[in-house]
Amino acid sequence: MKPGIFRVILLMIAVTSLIACQPIKKNPMNQQPLNEKTKDTIIQATEKDPRQNSMATKLSEFAVDLDLDGEEEKIELHTAAERNKNGEMVWDDGQKWLLVVQDGDLYYSLLDEYVQLGQVYFNVSYYDNEPLPTITVITDTGANFKLVNYVYDKAQKGYSAELVYDSKDINHIFTSIPSY
Ligand SMILES: [Ca+2]
């Protein structure tokens, strides 16, 4: 064995030992894992149309079969902010937002909240090993960045919410997202 290789192996053993001896770092904020918090949150249906609650503008919509019953559901993103006569959005410092799934006469309000200085977006995706589409709601307020996944839960007849990321709950130290 060449001395150079021997030295490299010795170094690797030393580094491995050092890593093994490191104490397990505790989360400084003593937070639960992110997905523990909203794991059991189920958004149940209502018969009352939540869009009647002062929603002024529909920003986006998409139709897909979210529960695989052969019929498409409608996903709509609304805001209380209005458009001016030129069709441009007139944003306030904060406004109410609504992301609703309409399934026939039933409504599921996945997000229904006031968002200060921010925007809400949604993605619809198919994950590997998950036959149902996943709706990802992105809330970006400048001070906070949050991702929540929603998937239909047949047993509980609602949409299960899983918090994927919330910069408010973790000790994040850097982002390259502009404006933070
Ligand atoms: Ca359906």
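The site of the calcium ion is irregular, with angles of 53 to 173° among its six donor atoms. Six donors count as octahedral if opposite donors are over 155 degrees apart and all others between 65 and 115, and anything else is irregular. Keep in mind as you look around that this is a predicted model.

Now to the donors themselves. D65, D67 and D69 each coordinate the calcium ion through OD, E71 does so through O, and E73 contributes OE twice, at 2.1 to 2.6 Å. If you trace these residues along the chain, you will find the spacing D-x1-D-x1-D-x1-E-x1-E. Two of the donor residues are worth a look for their surroundings. E71 counts as exposed because its relative accessibility is 53%, and exposed means over 50%. E73, in turn, has a relative accessible area of 0%, so this residue is buried.

Let's move on to the aromatic rings. The structure holds four aromatic pairs. One of them joins Y108 and Y159, whose ring centres are 4.9 Å apart; their planes meet at 75°, so the pair is edge-to-face. This pair links distant parts of the chain, since Y108 sits in strand 7 (residues 106–116) and Y159 in strand 11 (residues 158–166), 51 residues apart. Both Y108 and Y159 are buried.

Y159 also pairs with Y152. Here the centres lie 5.1 Å from each other and the planes make an angle of 70°, an edge-to-face arrangement. Y152 is buried, as is Y159. Put together, Y108, Y152 and Y159 make up one aromatic cluster.

How values were computed:
Residues are numbered from 1 along each chain as its sequence is written. This is a predicted model: local features need pLDDT of at least 70, side-chain atom pairs count only at pLDDT 80 or more; totals for chains, interfaces and linings use all residues. Side-chain values use heavy atoms; hydrogens and water are left out. Donors are N, O and S atoms within 2.8 Å of the metal (3.2 Å for Na, K and Ca); water is not among the atoms, so sites may look incomplete. Four donors count as tetrahedral if all angles lie between 85 and 135 degrees; four count as square planar and six as octahedral if opposite donors are over 155 degrees apart and all others between 65 and 115; anything else is irregular. Buried means under 20% relative accessible area, exposed over 50%, partly exposed in between (1.4 Å probe, protein chains only). Rings of Phe, Tyr and Trp (its six-membered ring) pair if their centres lie within 6.5 Å; planes under 30 degrees apart count as stacked, over 60 as edge-to-face and the rest as tilted. Helices (H or I, at least four residues) and strands (E, at least two) are DSSP runs, numbered from the N terminus.
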